[in-house]
Amino acid sequence: MRPLPGLHGFTNNGTIWPSPIGLAASFNPKLLHQAAATIADEAEGLGISHVFAPVLDLSRELRWGRVEENFGEDPFLYVLRPPPGPFA
């Protein structure tokens with residue numbers, strides 16, 4: 001099993017989405033679910049079953065190097081995120 005990045009799209013000629021913090025700023029749960037489903041479908045089509053996903057933590061310290069990989073500092077935004085697991 002070789003995990004590949006999937007934070008804002010499966011980058012092997014796949015659809016590119018905004019970063020997770022940008023998706024969360026939209027406050028649009030349907031868009032988050034659509035992005036997650038697209039990433040999962042494109043990776044699965046190439047036989048990839050494990051991709052790196054957004055960090056499920058609140059951004060309380062902006063000097064932390066992974067702020068752009070999560071959904072921001074508002075706990076409400078975590079309610080909007082897609083549930084963990086397969087999206088197919």
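## Helix α2 and its surroundings

On one side of helix α2, opposite its buried residues, Lys30, Glu44 and Gly45 are exposed. Exposed means over 50% relative accessible area, buried under 20%, and partly exposed in between, with a 1.4 Å probe and protein chains only. Helices (DSSP runs of H or I, at least four residues) and strands (runs of E, at least two) are numbered from the N terminus.

The model is predicted, so local features need pLDDT of at least 70 and side-chain atom pairs pLDDT 80 or more, while totals for chains, interfaces and linings use all residues. Residues are numbered from 1 along each chain as its sequence is written, and side-chain values use heavy atoms, without hydrogens and water.

**Exercise 1.** Describe the chain by its elements, burial and surface.

*Solution.*
- Step 1: count the elements; there are 3 helices and 2 strands.
- Step 2: put them in order from the N terminus, which gives β-α-α-β-α.
- Step 3: take the burial; of the 88 residues in the chain, 27% are buried.
- Step 4: take the surface; about 5700 Å² is exposed, and carbon and sulfur atoms supply 59% of it. These areas come from the Shrake-Rupley method with a 1.4 Å probe, and for residues only the protein chains shown count as cover.
- Step 5: take the contacts (heavy atoms within 4.5 Å). Among those between residues at least 6 apart in sequence, 53% join residues at least 24 apart.

**Exercise 2.** Check the span of helix α2 against its number of residues.

*Solution.*
- Step 1: the expected span is 1.5 Å times one less than the number of residues.
- Step 2: α2 covers residues 29–45, which is 17 residues, so it should span 24 Å.
- Step 3: the C-alpha atoms at its ends are 24 Å apart, in agreement with that value.

**Exercise 3.** Which residues of α2 are buried, and why do they count as lying on the same side?

*Solution.*
- Step 1: list the buried residues of α2, which are Leu32, Ala35, Ala36, Thr38, Ile39 and Ala43.
- Step 2: these residues cover an arc of only 160 degrees around the axis, so they lie on the same side of α2. The arc is taken from the directions from the helix axis to the C-beta atoms.

**Exercise 4.** What is found at the two ends of α2?

*Solution.*
- Step 1: at the N-terminal end, Asn28 acts as the cap, with a side-chain oxygen 3.2 Å from the backbone nitrogen of Lys30.
- Step 2: just after α2, Gly47 has a positive phi of about 85 degrees.
- Step 3: in the loop between α1 and α2 sits Phe27. Phe27 is not a glycine, yet its phi is positive, about 55 degrees. Its relative accessibility is 44%, so Phe27 is partly exposed.

**Exercise 5.** Which residues form the largest nonpolar core, and which element gives the largest share?

*Solution.*
- Step 1: a nonpolar core is a set of buried Ala, Val, Leu, Ile, Met, Phe, Trp, Tyr and Cys residues joined through side-chain atoms within 4.5 Å.
- Step 2: the largest has 7 residues, namely Trp17, Leu23, Ala24, Leu32, Ala35, Ile39 and Phe71.
- Step 3: at least two of its residues come from each of α1 (20–25) and α2.
- Step 4: α2 gives the largest share, 3 residues.
- Step 5: take Ala35 in detail. Ala35 has 3% relative accessibility and is therefore buried. Leaving out residues up to four places away in sequence, Ala35 touches Trp17 and Leu23.

**Exercise 6.** For Asn13, Ala35 and Ala40, set sequence separation beside C-alpha to C-alpha distance.

*Solution.*

| Pair | Residues apart in sequence | C-alpha to C-alpha |
|---|---|---|
| Asn13 and Glu42 | 29 | 9.2 Å |
| Ala35 and Leu7 | 28 | 9.9 Å |
| Ala40 and Gly9 | 31 | 8.9 Å |

Asn13 lies in the loop between β1 (4–5) and α1, and its relative accessible area of 79% makes it exposed. Ala40 belongs to helix α2; with 23% relative accessible area, Ala40 is partly exposed.

Terms used: A polar contact is a pair of N or O atoms within 3.5 Å; within protein, one must be able to donate a hydrogen and the other to accept it, and residues adjacent in sequence count only if both atoms are side-chain atoms.
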